[in-house]
Amino acid sequence: MPRVPAAPPRPDPAPGSTVPPMLSVEGLSVRFGRQGVLRDITLSIPAGETLVILGESGCGKTVLLKCMIGLIRPTVGTVRFEGQSLARQGERALAHLRTRYGFVFQGAALFDSLSIADNIAFPLREHTRLAAAEIGAIVDELLAEVGLPPTVKHKKPVELSGGMRKRAGLARALALDPPLVLYDEPTTGLDPIMSDVINELILRVKGRGRVTSVVVTHDMHTARKVADRIVMLHPLSRLAADAPQIVFNGTPADLDHSRDPRIRQFIEGRAGNRLTELRDAAALAAGEGAA
Amino acid sequence: MASAPVSPSSLAAGAARGLSDWIADRIADLGALLLDRVAAIGDVAIFACRTAGWILARRQRRDVLVPAFYQIGVLSLPVVALTGLFIGMVLAVQSYAQFKALGLQTRLGSVINLSLVRELGPVLAATMLAGRVGGAMAAELGTMRVTEQIDAMESMGANPVYYLVVPRFLGCLVLIPTLTVMADFMGVLGGYLYSHLVLGIDYHHYWANSREYVDAFDFLMGIFKSFFFGAAIALVSCHHGFNSGHGAEGVGRAATNAFVHSFVLILLLDLFLGMWLNNVHDFFRPEGPRRLL
């Protein structure tokens with residue numbers, strides 16, 4: 001049961017009508033100054049699906065994820081959550097909508113000044129009228145769910161290891177029982193065992209009701225283990241002017257059978273002639289700078 | 001490869017075009033800089049309006065306010081008191097020779113105390129606050145920006161301006177007058193102690209002259225100005241923290257800029273508020289201030 005009252009439920013759709021997807025991205029482009037990061041991205045994520053967004057570093061995966069929750073405003077295009085455009089929401093409406101999201105940040109982004117228990121309790125204190133004892137019980141339950149001992153409750157984030165911080169970040173993201181959870185590089189910087197623990201947790205979260213998940217990663221093991229569907233982005237700087245930025249959209253099995261050389265290079269982790277290209281580009285930039 | 005012959009006239013035309021391009025580029029640079037500055041001022045103004053909006057829109061939380069007030073007010077008191085004490089003594093040291101030459105050393109109290117309550121007390125308290133708290137606020141918020149803690153707060157539907165800026169703004173606004181009173185008090189004490197104990201100025205004359213030339217308006221003028229200084233420090237510092245660049249360098253630059261810009265703004269506000277308050281004083285007392293000589 002969600003802990004924050006949701007908007008009034010819409011009546012059941014009439015036979016033949018279409019239910020809006022949990023999240024949709026329509027014609028989304030993002031530019032920072034002169035630099036384009038995303039171009040004409042269109043995606044639809046139905047409720048209950050786990051979508052993994054793959055791609056090389058700098059291809060705009062995290063920017064896309066932050067657009068999905070309204071932390072970055074797209075230059076062009078629309079993001080809709082349950083059919084409601086994020087750009088059309090006022091400050092308060094958007095804040096209320098975000099209580100239906102959980103966001104797990106790459107570096108956990110726990111508040112340094114608060115203890116782990118206060119970090120996890122933060123969204124509960126902000127959005128619910130629960131008594132302190134009830135909030136304490138939920139915090140204990142969430143800590144147990146992500147496999148953290150009760151002794152960490154009073155510790156500050158800086159006293160925890162990277163894996164513990166990630167799990168505490170996940171516990172905080174789940175505090176309001178959101179129907180949509182976004183994960184930004186959930187396994188980056190962790191050892192293989194802890195990475196797989198996080199993968200297991202993503203699968204367990206998916207099992208809590210019909211939770212929809214979007215996972216941004218470049219870890220193929222994570223992608224194969226948790227994904228129902230995989231979308232692969234290619235960096236704009238390496239694309240022709242009119243080529244689509246989404247180079248793959250399908251199941252993990254389809255990805256493994258893809259013959260696209262860009263996809264094969266990524267999933268096999270081959271550098272190819274990338275180092276030569278990078279060195280040439282650096283030399284060219286240095287020459288232009290000197291001129 | 002043979003090069004084409006270049007005539008002197010085409011060389012001169014090229015040089016003229018080069019010069020005009022250079023001038024055009026400089027003008028464009030100047031225009032871009034001006035636009036940047038105007039945009040930055042507009043950005044701070046919007047930030048101030050959002051802060052004011054959140055002060056009015058929602059009741060403040062005690063558990064958020066108390067730590068901010070403690071950090072800004074209580075922890076700043078010792079340093080403000082110490083600098084106030086020394087600035088009072090320094091004023092006595094620097095003024096004594098001139099006053100003695102005129103045979104007016106018994107009036108030292110009036111000039112020391114007038115300078116303190118009108119100018120040095122509020123400006124000193126504000127400068128110490130900008131240095132001790134402004135830089136720290138910018139660094140703290142900058143680190144939160146860089147480590148995505150501000151994004152995390154927004155992603156949970158909590159407003160970072162309400163949680164992070166409003167308590168710091170209220171702390172600076174409400175507590176800077178108390179710091180100013182402390183700077184005034186310690187400065188007056190320091191000036192008196194040095195004048196009486198070291199320079200041997202008579203106790204009765206020192207305080208009688210101070211009472212005659214320093215009135216409540218002078219004291220309230222300093223307190224009034226301090227509210228503006230506190231608001232400026234909080235807004236400028238929080239704005240720099242919120243818009244911090246990446247990495248340690250970005251956070252360091254935000255902290256430095258927070259202090260430098262706050263300090264410049266304190267002096268600017270001091271000048272214009274001083275001019276305006278003198279006019280207010282003249283309006284209520286057309287006979288002007290009492291003359292020292």
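Against which helices do the buried residues of H3(A) pack? In this predicted model, they pack against helix H4 (132-145) and H5 of chain A, and the helix itself makes a good starting point for a walk through the chain. Ten of the twelve residues of helix H3 (residues 116-127) of chain A are buried, so the helix is largely enclosed by the rest of the structure. Among those buried residues are A:Ile116, A:Ile120, A:Phe122 and A:Leu124, and the list also includes A:Asn119, A:Glu126 and A:His127.

The loop between E6 and H3 of chain A holds A:Ala109, a residue that has a positive phi of about 55 degrees although it is not a glycine. A:Ala109 is buried, since 25 other C-beta atoms lie within 10 Å, where 20 or more are enough for a residue to count as buried. A second residue of this kind is A:Glu185, which is not a glycine either and has a positive phi of about 45 degrees. A:Glu185 is found in the loop between E7 and H6 of chain A, and with 21 C-beta neighbours inside 10 Å it also counts as buried.

The strands named here belong to an open sheet of six strands in chain A, which has the order E6-E7-E8-E3-E9-E10 and mixed pairing. Its edge strands are strand E6 (101-104) and strand E10 (246-250) of chain A, each of which pairs on one side only. On average, and with direction ignored, neighbouring strands of this sheet are turned by 15 degrees against each other. At one edge, E6(A) pairs with strand E7 (residues 180-184) of chain A in the parallel sense over four bridges, and within this pairing A:Gly102 has A:Val181 of E7(A) as its bridge partner. In general, strands of a sheet pair through backbone hydrogen bonds, either parallel or antiparallel.

Two helices lie across parts of this sheet. Helix H5 (residues 162-173) of chain A lies across E6 and E7 of chain A and runs at about 170 degrees to E6(A), while H6(A) lies across strand E3 (50-55), E7 and strand E8 (212-217) of chain A, running at about 160 degrees to E8(A).

The domain assignment of chain A gives domain 1 (23-100 + 178-290) and domain 2 (108-177). The C-alpha centres of domain 1 of chain A and domain 2 of chain A lie 27 Å apart, and the contact takes ten residues from domain 1 of chain A and ten residues from domain 2 of chain A. On the side of domain 1 of chain A that touches domain 2 of chain A, the largest share, four residues, comes from helix H6 (residues 192-207) of chain A. The residues of that side of domain 1 of chain A divide into eight nonpolar, two polar and no charged.

Chain B is built from nine helices and zero strands. A compact globule of 293 residues would have a radius of gyration near 19 Å, whereas chain B has 26 Å, and along its principal axes the C-alpha trace of chain B spans about 95 × 60 × 40 Å. Of the 293 residues of chain B, 41% count as buried. Among contacts in chain B between residues at least 6 apart in sequence, 89% join residues at least 24 apart.

Where the two chains meet, eleven residues of chain B are in contact with 16 residues of chain A. The side of chain B that touches chain A is made up of three nonpolar, five polar and three charged residues.

Note on methods. Residues numbered from 1 in each chain as written. Chains lettered and ligands numbered in written order. Predicted model: local features only at pLDDT ≥ 70, side-chain atom pairs only at ≥ 80, totals over all residues. Contact = placed C-beta atoms within 7 Å. Nonpolar A, V, L, I, M, F, W, Y, C, P; charged D, E, K, R; others polar. Domains from an automatic or database assignment. Pairing = 2+ DSSP bridges. Axes fitted to C-alpha atoms, helices over the stretch in contact; angles between N-to-C directions. Rg over C-alpha atoms; globule rule 2.2 N^0.38 Å.
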